[in-house]
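Here are some short exercises to help you find your way around a new structure. Try each task yourself, then read the solution step by step.

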Amino acid sequence: MLGRLNHVAIAVKDIAAATRVYRETLGAEVSAPQDLPEHGVRVAFVTLPNTKIEFLEPLGAASPIVKFLEKNPDGGMHHLCYEVSDIRAARDALIAGGLRILGDGEPKIGAHGKPVLFLHPKDCLGTLTELEEV
Ligand code: CO
């Protein structure tokens with residue numbers, strides 16, 4: 001079911017500072033930041049040869065990242081994202097296997113304009129896990 005690792009997401013307080021570290025110190029290619037108000041986040045992507053890193057900065061007080069950054073004030077790894085070919089088929093198989101899907105279980109359009117779902121971290125080794133249909 002699982003395809004490639006699409007990205008690893010890191011929650012950050014300051015996406016400009018994170019971009020400077022990756023662009024200037026680590027020498028990576030970082031996209032311009034993009035606001036996703038429906039997800040409550042501002043994102044930027046680091047393109048690596050084999051995958052991407054997604055920076056997540058809170059956008060608005062109701063952002064799902066606010067609580068995470070209270071617990072992890074320096075930022076930290078927030079989720080992994082795996083590619084799947086059919087997100088609804090993957091969801092149904094995972095639910096049948098006893099995993100919980102966050103939210104209403106319906107795929108939402110994510111940062112790449114593709115359908116995404118999140119699996120409950122308690123069912124995935126303590127790691128928030130995103131599926132993206134590609
Ligand atoms: Co993501």
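## Exercise 1: A bridge from a helix

Task: Is R88 buried, exposed or partly exposed, and what is its relative accessibility?

Solution: R88 has a relative accessibility of 41%. Buried would require under 20% and exposed over 50%, so R88 counts as partly exposed at 41%. Keep in mind that this is a predicted model.

Next, look for the partner. R88 makes a salt bridge with E106, and their closest N and O atoms are 3.1 Å apart. This pair links distant parts of the chain: R88 sits in helix α3 (residues 87-96), E106 in the loop between α3 and β7 (108-109), and they are 18 residues apart. E106 is also in the middle class, partly exposed with a relative accessible area of 37%.

## Exercise 2: A bridge between two loops

Task: Where in the chain do R100 and D123 lie, and how many residues apart are they?

Solution: Begin with the contact itself: the side chains of R100 and D123 form a salt bridge, 2.9 Å from N to O. R100 belongs to the loop between α3 and β7, while D123 is in the loop between β8 (115-119) and β9 (129-133), which puts them 23 residues apart. For accessibility, R100 is partly exposed at 42%, and D123 is partly exposed at 25%.

Finish with the network: salt bridges with shared partners join R88, R91, D92 and E106.

## Exercise 3: A bridge between two strands

Task: Which strands hold R42 and E57?

Solution: R42 is in strand β4 (residues 41-47) and E57 in strand β5 (residues 52-58), 15 residues apart. Their side chains meet in a salt bridge of 2.8 Å, N to O. Now check each end: R42 counts as partly exposed at 24% relative accessibility, whereas E57 is buried at 10%. In total, the structure holds seven salt bridges.

## Exercise 4: The whole chain

Task: How many helices and strands does the chain have, and in what pattern do they follow?

Solution: Count the elements to get three helices and nine strands. Along the sequence they run β-α-β-β-β-β-α-β-α-β-β-β.

Then turn to overall dimensions. A compact globule of 134 residues would have a radius of gyration near 14 Å, and the chain has 15 Å, which agrees. The C-alpha trace spans about 45 × 35 × 25 Å along its principal axes.

Last, look at the surface: 40% of the 134 residues count as buried. The chain exposes about 7400 Å², with carbon and sulfur atoms supplying 56% of that area.

Note on methods: Residues are numbered from 1 along each chain as its sequence is written. This is a predicted model: local features need pLDDT of at least 70, side-chain atom pairs count only at pLDDT 80 or more; totals for chains, interfaces and linings use all residues. Side-chain values use heavy atoms; hydrogens and water are left out. Helices (H or I, at least four residues) and strands (E, at least two) are DSSP runs, numbered from the N terminus. The radius of gyration is taken over C-alpha atoms; the globule rule is 2.2 Å times the number of residues to the power 0.38. Buried means under 20% relative accessible area, exposed over 50%, partly exposed in between (1.4 Å probe, protein chains only). Accessible areas come from the Shrake-Rupley method with a 1.4 Å probe; for residues, only the protein chains shown count as cover. A salt bridge is a side-chain nitrogen of Lys or Arg within 4 Å of a carboxyl oxygen of Asp or Glu.
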